[in-house]
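Trainee: Could you pick one part of this model and take me through it slowly, then work outwards to whatever surrounds it?

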Amino acid sequence: MGFYFIQFLTGLASASSLFLIAAGLSIIFGVTRILNFAHGSLYMLGAYISYWLLTTLSPGPIGFWLAVLLSATVVGLVGVIIEMGLLRRIYQSPELFQLIATFGVILIISDITRAIWGETDLVGPRAAGLSDAVTIFGHKLPEYDLAMIVLGPLVLGVIWLIFHRTRWGTLVRAATEDREMVGALGVNQAFLFTSVFFMGAFLAGLGGAAQIPKGGADLLMDLNVIAEAFVIVVVGGMGSILGAFLAAIIIGELNAFGILVFPQMTLVLMFAVMAIVLLIRPWGLLGRPETASRAPGEAPEPPLQRADKAVRSLFTATILLLLLVPLFSSDFIMVILIDIFIFVLFAVSLHFIMGPGGLVSFGHAAYYGLGAYASALLVHYLGTPMELALIAAPIVAAAGAFIFGWFSVRLSGVYFAMLTLAFAQITWSIVFQWGEFTYGDDGILNIWPSAWLSSKMAYYYFALILTLACVYVLRRTLFTPFGYITRAGRDSPLRADAIGINVQRQQWLAFIFAGAFAGLAGSIYVFSKGSVFPDQVAIPQSIDGLMMVLLGGVKTLTGPIVGAAMFTALTDWLSSNEVWFWRSILGAIILALVILFPQGIVGFVRDKFRPSEEGG
Amino acid sequence: MRKSFNVMAGLAGAAMLISTAHAADTIKIGDINSYTRLPGHTVPYKNGALLAIEKINAGGGVLGKKLEFVSRDDNGKPGDAIKKAEELFNREGVALISGSLFSHIGLALTAYAGQKKKLYLAAEPLSDALVWAKGNRYTFRLRPSTYMQAAMLAEQVAKLPGKRWATIAPNYAYGKDAVKAFKEVLKAKRPDVKFVTEQWPALFKIDAGAEVQALLKSKPDGVYNVTFGPDLAKFVREGKLRGLFKGRTILGLLTGEPEYLDPMKGEAPEGWIVTGYPWYAITDPTHKAFVASYQKRWKDYPRIGSIVGYNAMLSVAAAIKKAGSTDTEKMVAAMEGLDVDTPSGKVHFRKIDHQSTMGAWVGRTKLKDGKGMMVDWSFKDGANYLPSDAEVMKRRPGK
């Protein structure tokens, strides 16, 4: 009995630290509608700063907590810099564009941290006054765990007081409820956003600083906590602090007891909970349905137009050029171009649901990965010929999209994004943890193409022609009734519904259609590399796709193609030529693009040269 | 349009020039490692490798040519590593590639080397599959494998009375290999031991308090630990506070390596039996000279990665010298059965499975002056901790 009680308390302690990470993320999202991917970086900064303070000052019991608060404040100020220097400039950009900016911030903060504190993992000093363990029912529990158990509810209480007993808090709650109305009533939104960002960043820093006595600081923290933080926020309901607290307790306890029963399945459990909660309560435990955004600048898009003569001749010329490449280039140029083709297909298929479909998927990698693993597993276990395995990929991916899509299209906006993310993470954790079948992160090796495609040049033409054909089909589909109906569902769901279109079913079909093409892209990738790894299903793969579409321009048809080509070439070039700081250079380039081209690169070019189209 | 065609043609032309320019006066060694993902481990490796290269070049190079070290970051992803390998061979014209730390990346490069018939020296990855189940003619491995290090630890505890063993290992390939090998070797020596629980925290996401409780629940006599990095630090802290280590035998695979022991400073565990690298206490003169020159060159002390990187480049140079050329087939033939004198003693690359016999140090951890050290250590020659040749042939199919 005592054992289970201690396990329960241990679960509560980790729930408190989960809550601290998630609370700030939830507050920032509630008011500004920004999904701050850099939240993990702020958490990491908090850990490093407090480590530095604690080891240089080695304070007493009161000094310890002062140092923790000071670190959190510094991180809060970093948050203010990010908000004022960067995000404020792009609030008018399309929804989710800020996400990319925060991704650039992750890359930069990570390199800065490495430059300041070095590469070695830092192990945190114990907290003064709480450095030992207490014995409860004959079992030991670290004193600091008790402090954490108190800290979580304490922070929750303080946030509640601020929100319910101060004018500022009232405004924040009002803004969470209806941001435009608050603006219309004359509240200084700029100040409100900045201060909310300070508070969110402060909490992230507090979370990082408070976990020092239980862990330490290392350079992988930023990405390691972000997925968990999102799970908590989504399960609790975006913008709901009490919900985040509840969700943290559920996940914390589930983990503490889950490892007794399923020691190997810790990762799957968490995302499975998220999916179940979203299916039963789509807006999270204590969240509210998303209110329609009335943000200015979100006017309906002009109808899509077929490419005019100039664009078409540009396309033709590019294709001709690509056909000629193998005649005068080295093998490695072809390697890079094949990568680009694969990502173009991936990005265009993502764009199909994201742009014309209006459904932003955070888990498109699931279908790419399903296709990739379908091919690889068939070849590995059954010795299926490459041609058949390649055909199977889109079918399996479509089947996956069929199931996941059925659940996902019931939601919209950010909740849709989060549910697709949850499904992608479930797929990933199964691939990763079911080692007997998928070989886990060893990957599946030696999946090479058939003999007739074994030369680089042959595979180059194969990938090129397949990509061109698929991109053509995806593009052509947008100008068929299927495509028009899809867009009708995006632009005006009510009217579409009124004229007899089943909007959800249409979205579901579009989701499956796009998933199939992503699966094919995954399969082409497998045969070009000869192997597949869980990376192909992981979050960064989905994010890369989003970056390509958004950097290229989500409201254009050529955007994803240009975005994919540019992003792939840029990453490759930077990482080959500059080993040490290439990520922060990439981050800086991303930030520059985000600020200079809020409509994406192709969107910018189009607006610049053909403003007439905007009027339509 | 014409303009951009010219630009492309120009670029392609330049690329061709670059790709033919390598037939010059240096021999390029391609290096791929997780420099941005795990800098704490890979930077010492690179420093060690560069030190060896500088030393070899100062002595006139190999075959009258200087060695050149061309580094690439794999971003911690196997797919990227393969791409970098293609770039290094096709664009940089390297003679061979070496490096990598993560097992799965090492395995990906192994498959690549086998398919493309290029030489790959896996310096640091530990996976057993790399030379056995998935080994091939073109891949060699330097560092003592998971099996060898697990066998060294199992030998230590086989003499002890404890019968109930628990294991904790990160839930991925390396952790699984390490537990499997340990159970296999210990069971063979001690059929009476029982494995009472296995804990598998997700890599770098350990919930240390809960894991320690789960281990306590099974009341083991000994715990075999494979966690490392930030997971290890959290595990040690919770284990100490919750009394897991008291009165039990604790084993730590790799825990004695400075990469893992040093960050813990005064929190380092005491009395664990570990494999590691007590560079500060090794009295062999060749090794002392290595430490001195490393400290002089990098103003830092060597880690296990440093000596592996150093030995890797010595091995590469010796192989090219013995082959008399940078032709892949000739280098492979030269590496099979190659003997290299290194600061950690003589290393032999076995013909049978391409595993080197580089050894490891086994000892107990102890706190000295507020940091963890290895004491009562002894050097174990890797050659003594490999299965019989017949067993190896069974595990390395198709060879």
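Mentor: Sure, with the vocabulary up front: helices (H or I, at least four residues) and strands (E, at least two) are DSSP runs, numbered from the N terminus. What you have is a predicted model, where local features need pLDDT of at least 70 and side-chain atom pairs count only at pLDDT 80 or more, while totals for chains, interfaces and linings use all residues. Residues are numbered from 1 along each chain as its sequence is written, with chains lettered from A and ligands numbered from 1 in the order in which they are written.

Let's zoom in on Ile251(A), which sits in helix H10 of chain A. Ile251(A) counts as buried because it has 26 C-beta neighbours inside 10 Å. (The cut-offs, for C-beta atoms placed from the backbone: 20 or more others within 10 Å is buried, 12 or fewer is exposed, and in between is partly exposed.) Leaving out residues up to four places away in sequence, Ile251(A) touches Leu18(A), Val231(A), Ile232(A), Met270(A) and Val273(A); contact here asks for C-beta atoms, placed from the backbone, within 7 Å. Gly11(A) is 240 residues away from Ile251(A) in sequence, yet their C-alpha atoms are 8.5 Å apart.

Now step back to the chain. Its domain assignment (bounds come from an automatic or database assignment) gives domain 1 at 2-280 and domain 2 at 334-541 of chain A. The C-alpha centres of these two domains of chain A lie 33 Å apart. Where they meet, 15 residues of domain 1 are in contact with 16 of domain 2. On the domain 1 side, the elements giving two or more residues are helix H9 (221-236) and H11 of chain A, with H11(A) supplying the largest share, eight residues. That side has 14 nonpolar residues, one polar and no charged. (Nonpolar means Ala, Val, Leu, Ile, Met, Phe, Trp, Tyr, Cys and Pro; charged means Asp, Glu, Lys and Arg; the others, Gly among them, are polar.)

H10 also turns up where the chains meet. There, 58 residues of chain A are in contact with 65 residues of chain B. Among the elements giving two or more residues to the chain A side are helix H1 (2-32), helix H10 (241-261) and helix H11 (266-280) of chain A. H1(A) gives the most, with seven residues. By class, this side of chain A has 23 nonpolar, 22 polar and 13 charged residues.

How confident is the predictor? Chain A has a mean pLDDT (confidence per residue, from 0 to 100) of 88, and 96% of its residues reach 70 or more. Over residues 612-616 of chain A, though, the pLDDT is below 50, and this stretch has seven contacts beyond near neighbours in sequence.

Across in chain B, five strands form an open, parallel sheet in the order E2-E1-E3-E4-E5; two strands pair if DSSP finds at least two bridges between them. Strand E2 (66-73) and strand E5 (139-141) of chain B each have a single partner strand, so one side of each has no neighbour in the sheet. Inside that sheet, strand E3 (96-99) and strand E4 (120-122) of chain B pair over three bridges, and Ser98(B) has Leu121(B) in E4(B) as its bridge partner. Chain B also has an open sheet of seven strands, ordered E7-E6-E8-E9-E10-E13-E14, with mixed pairing.

Terms used
Two residues are in contact if their C-beta atoms, placed from the backbone, lie within 7 Å. pLDDT is the predictor's confidence in each residue, from 0 to 100.
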